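Reader: I'm new to this and get lost when I look at the whole thing at once. Could you pick out the strands for me, go through how they pair up, and then show me what else is packed in there?

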Amino acid sequence: MPKDLRSFIAELESRYPEEVARVTKPIAPRYEITALLTQLEKQKRFPLLFCENVEGADAPVVINAQASRKLMALALECQPAELANRFSEKQGKPIAPVEVETAPVHEVVKTGDDVDLTKVPLLTHYDVNAAPYITAGIVVAADPDTGVRNTSYNRLMMARKRELRIFMAIGRHLWTLHNKMELRNEPLPVAIVVGVHPLFSLGAQAFTPSTEDEYAVIGGMMGEALRVAKAKTLPVLVPADAEMVIEGKILPKVRREEGPFGEFTGHAVSKDERPVIEVTAITHRNNYIFQDVHAGYTEHKLMGAVPREAALIKAVRLTVPTVKNVCMPVSGNCRFHAYISIGKRTPGQAKNAICAAFASDMLLKHLVIVDEDIDVFDEEQVLWAVSNRFQADHGLVVIANAQGSELDPSAGPGGVNAKMGLDATKPLTGFAPELRVPDEVMKRIRLEDFLPHLR
């Protein structure tokens, strides 16, 4: 059975029912689902949320498919602390896609005047949002010269029944492809994929060279060839087992107002002139499920963390081979902060790790290097290391006027900011010992034996 969104939900409900929460009462797509998620977030609860009865919609809405490291670890069949290494392992084993004639995503096909985005359950998350947005849409485009496919998440504002406006980060692959076609005064064909297995999503966010087909990377992540089929109105192959595909063309030399929009930082970004997508078709499964990602919430921050962590480990290990693990915590939007543990062997290794990390990821802003005895996924341990092992006069690295994220609300024009690295590792000699209970005693004295009621 192909890996798709509904098979993932079925597996969770069968094996891990506590990870799924179904909402059966009617709920509005404008603000109300966000209100519900806000309350769950405050309680630090992150179930996959299945809203069965969305007012005015012809489909249920699923959110939080990747809202915790546990959910992603279940998909990748590993422990949460092993996610980055497991991701790298799968990314290194791409599997080419296989084309099929019949696709579930083509069970319903709407073209021409039948195309109507207002009938799709697009959500409005915040009062600042100018319109409903597609936030879980994975945009697929192919290089017109090589045919190599690129996949990326992009925010998409609904403007009219057949019009979307898209934000593309400058210099990224999709922006480059659109720029190439725009210089030729030609539209860029794109497919917007909605409703996929978390492994598809993770593969779509992998950091890859522009020469690598990301459908093959997704196949490697899923451990099986991605089934693809010809799009109905464009020369693009689309995932056969997606819940929905929106076909369209990014028009050349057309810009219209997009935004404001509430971004992953928890702040609104202002409106600006953005490229326009002319929608040519909407296809979906019978009884399709619409997938959403709430910007500014844990899932939006966390879903991109694992690919970034995997790329960061790989880059830093070229300079410091003893890197143990990397965490890009939710507290730093899973982009701006990173905690890296290393097996320190020489005095300058922590500083080398800082330099390598900043060079490899433009969005990184604050970085903490700790010893291998610190669990980077336990923020309390990381801060304990900063408290006990860091001295600013010799452990602090500051890089002024560096390129960062244009979405950082504290950054200067164009996203220019200051970067800070903290060496919170112990010196190799002469440091105070830590308090420890002997290992033999820790193994012998078990909590459940002495306090069974606390199980």
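Author: Sure! One bit of vocabulary to begin with: two strands count as paired if DSSP finds at least two bridges between them. Also keep in mind that this is a predicted model.

Let's try that out on β12, residues 227-230, which pairs with β13 in the antiparallel sense over three bridges. One bridge to find on screen: Ala-229 has Val-238 in β13 as its partner. Now zoom out a little. These two belong to an open sheet of three strands, in the order β4-β12-β13, and its pairing is mixed. At the edges stand β4 (98-99) and β13 (237-239); each has a single partner strand, so one side of each has no neighbour in the sheet.

Next, go to β10, residues 163-166. It pairs with β9 (residues 156-160) through four bridges, and the two run antiparallel. A hairpin of two residues links β9 to β10. Leu-164 is a handy one to click on: within β10 it is the bridge partner of Met-158, and in β17 its own bridge partner is Ile-277. That second link is part of the pairing between β10 and β17 (residues 272-284), which is antiparallel over three bridges.

What about the faces of this strand? In a regular strand the side chains alternate between the two faces of the sheet. In β10, Glu-163 and Arg-165 sit on one side, with Leu-164 and Ile-166 on the other, and all four are buried, leaving both faces covered.

Now for a helix. The twelve residues of α10 (residues 349-360) should span 16 Å at 1.5 Å a residue, and its end C-alpha atoms are indeed 16 Å apart, which agrees. Its buried residues are Gln-349, Ala-350, Ala-353, Ile-354, Ala-356, Ala-357 and Phe-358. They are covered by, among others, α9 (305-317), β20 (337-342), β21 (366-371), β22 (396-403) and β23 (416-424).

Ala-357 also turns up among the contacts of Ile-340, which touches Val-316, Leu-367 and Val-370 as well, to name a few beyond four places away in sequence. Ile-340 is in good company: in the largest nonpolar core, of 72 residues, Ile-340, Leu-48, Val-316 and Leu-367 touch the most other members. Apart from that core lies another, of 40 residues, including Leu-156, Val-190, Ile-246 and Tyr-288. Leu-156 should ring a bell, since β9 covers residues 156-160.

How values were computed
Residues numbered from 1 in each chain as written. Predicted model: local features only at pLDDT ≥ 70, side-chain atom pairs only at ≥ 80, totals over all residues. Heavy atoms only, no water. Core = buried A, V, L, I, M, F, W, Y, C linked by side-chain atoms within 4.5 Å. Buried < 20%, exposed > 50% of the residue type's maximum accessible area, 1.4 Å probe, protein only. Contact = heavy atoms within 4.5 Å. Expected span 1.5 Å × (residues − 1).
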